[in-house]
Amino acid sequence: MKVLLRNPKRELDVRAPKNVGQLLRELEVVPESVLVIRNDTLVTHDEHLHDDDVVEIRPVMSGGAQ
Amino acid sequence: MKCRRCGDPAVIDLRRHNAGFCRECFLRYAREQVRRAIDEHAMVGAGERVLVAVSGGKDSLGLWHMLLALDIDADGLYVGLGIDEYSDESAQYARGFATRHDLKLIEVDLVDTYGFDIPGGSRAAKRAPCSACGLSKRHVFNDAAITNGYDVLATGHNLDDEAAVLFGNVLRWETEYLGRQQPVLAAAPGFVRKVKPLIRISEREMAAYCVLTGIDYIVEECPMAVGNRHLGYKELLNQLEERSPGSKAAFLNHFFDRAQPRFADEVTEARADLRPCASCGAPTPSTPDGEPVCAFCRMQARAVGKPISLQVAP
């Protein structure tokens, strides 16, 4: 499957099948810091991913000092 | 995973609630959290004029959208900070949202109005960029709200923002800042009331709210914020949250309930000591020698290379 990451923007090819939680662990991404979007739809951590999926891992952290 | 409320397939899982939600139930949950924060802390009264500070990011645009969904009329305020393409792009998102929803957006450009941008102000005042930015936004937000006759200024500070600020203030025991960290900062002479309706919602939930409602927002982080201390605190807190879901909310909510009032006196004393800035008139701490000039006007004077103009009688 194709995995899109940001900051910096990059694209990875990752072997499926696996679920979202396994993908995040493999990429060492903290789940609380991202949304996972498959084919423009939000997915939960138990969702199974397949070879033909395009998955965006979108960071949600923002902001400077207040 | 099924939605906890209706049993339909879930689109988001919230570990701190040990629950998943479908789109409709999640949007209802998110709006309930905002409504609860507004009501519990008496953020907005009937008929009051609300101004939302928008940056083009998920929190502020999501907040504007939620206020309207809760039947609270609000106009927007965008401040152009002059951070190269990032500011140009973020302005497009703010304008795009206002246009799509037929809303009023007030724009203030730092360069056009005050003669400097954030990179320049940061260098001139020898402040970290995020410090120069925070100082400028606080000044311009307050000034724009008062000048345009608004009763309330709403900002998109979410649960993660506030938990990270609290973490930093506790690390250094900044007692005056701890006293000032509240969901509502009451109006006072020279200050509009400032409210934070998103204190019960995490930034992951805000990002999900925007994705699920089709709000187009700037995803890229500000280039000047990369690697700053505040983001480092957020990373630490997210690692803690991973091991112990609900920790961030407990840290912040229990602070508001049990600890913040213990530091409130420091804020009362600090506010009693404020005098009008000799240049712009905004409240600023008094000085033992001479007329006080606020930090924003001092930064502006250094950035534009001109002496501070004294226009307001002390």
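Select helix H3 of chain B and colour B:Ser87, B:Ser90, B:Ala91, B:Tyr93, B:Ala94, B:Phe97 and B:Ala98, which are its buried residues (buried means that 20 or more other C-beta atoms, placed from the backbone, lie within 10 Å of the residue's own, exposed that 12 or fewer do, with partly exposed in between). Looking down the axis of H3(B), you will find these buried residues within an arc of 160°, so they line one face of the helix (the arc is that of the directions from the helix axis to the C-beta atoms). An α-helix has 3.6 residues a turn, so residues three or four places apart point the same way.

Before moving on, keep in mind that this is a predicted model, in which local features need pLDDT of at least 70 and side-chain atom pairs count only at pLDDT 80 or more, while totals for chains, interfaces and linings use all residues. Residues are numbered from 1 along each chain as its sequence is written, and chains are lettered from A and ligands numbered from 1 in the order in which they are written. Helices (H or I, at least four residues) and strands (E, at least two) are DSSP runs numbered from the N terminus.

Turn H3(B) around: the face directed away from the buried side carries the exposed residues B:Glu85, B:Asp88, B:Thr99 and B:Arg100. The buried residues of H3(B) pack against H2, E4 and E5 of chain B, where contact requires C-beta atoms, placed from the backbone, within 7 Å. Just after the helix, select B:Asp102, which takes a positive phi of about 55°.

Next select strand E4 of chain B (residues 74-80), of whose 7 residues 6 are buried. On one side, 4 bridges join E4(B) to the parallel strand E3(B), residues 50-53, and B:Val50 stands opposite B:Ala74; two strands count as paired if DSSP finds at least two bridges between them. E4(B) also pairs with E5(B), residues 105-109, in the parallel sense over 5 bridges, with B:Tyr78 facing B:Glu107 and B:Gly76 facing B:Leu105.

Now follow the chain itself. E3(B), helix H2(B) (residues 58-69) and E4(B) make a right-handed β-α-β unit, right-handed meaning that, with the strands pointing away from the viewer, the path from the first strand over the helix to the second runs clockwise. From E4(B) the chain crosses through H3(B), residues 84-100, to E5(B), and this β-α-β crossover is right-handed.

Widen the selection to the open sheet of chain B, whose 6 strands follow the order E5-E4-E3-E6-E8-E7 with mixed pairing; its edge strands, E5 and E7 (184-185), each pair on one side only. Helix H2(B) lies across E3, E4 and E6 (152-154) of chain B at about 155° to E3(B), the angle being taken from 0 to 180 degrees between N-to-C directions of lines fitted to C-alpha atoms, for helices over the stretch in contact. Helix H6(B), residues 129-147, lies across E3, E4, E5 and E6 of chain B and runs at about 140° to E4(B).

Finally, go to chain A, where 5 strands form an open sheet of mixed pairing in the order E2-E1-E7-E4-E5.

Note on methods:
Two residues are in contact if their C-beta atoms, placed from the backbone, lie within 7 Å.
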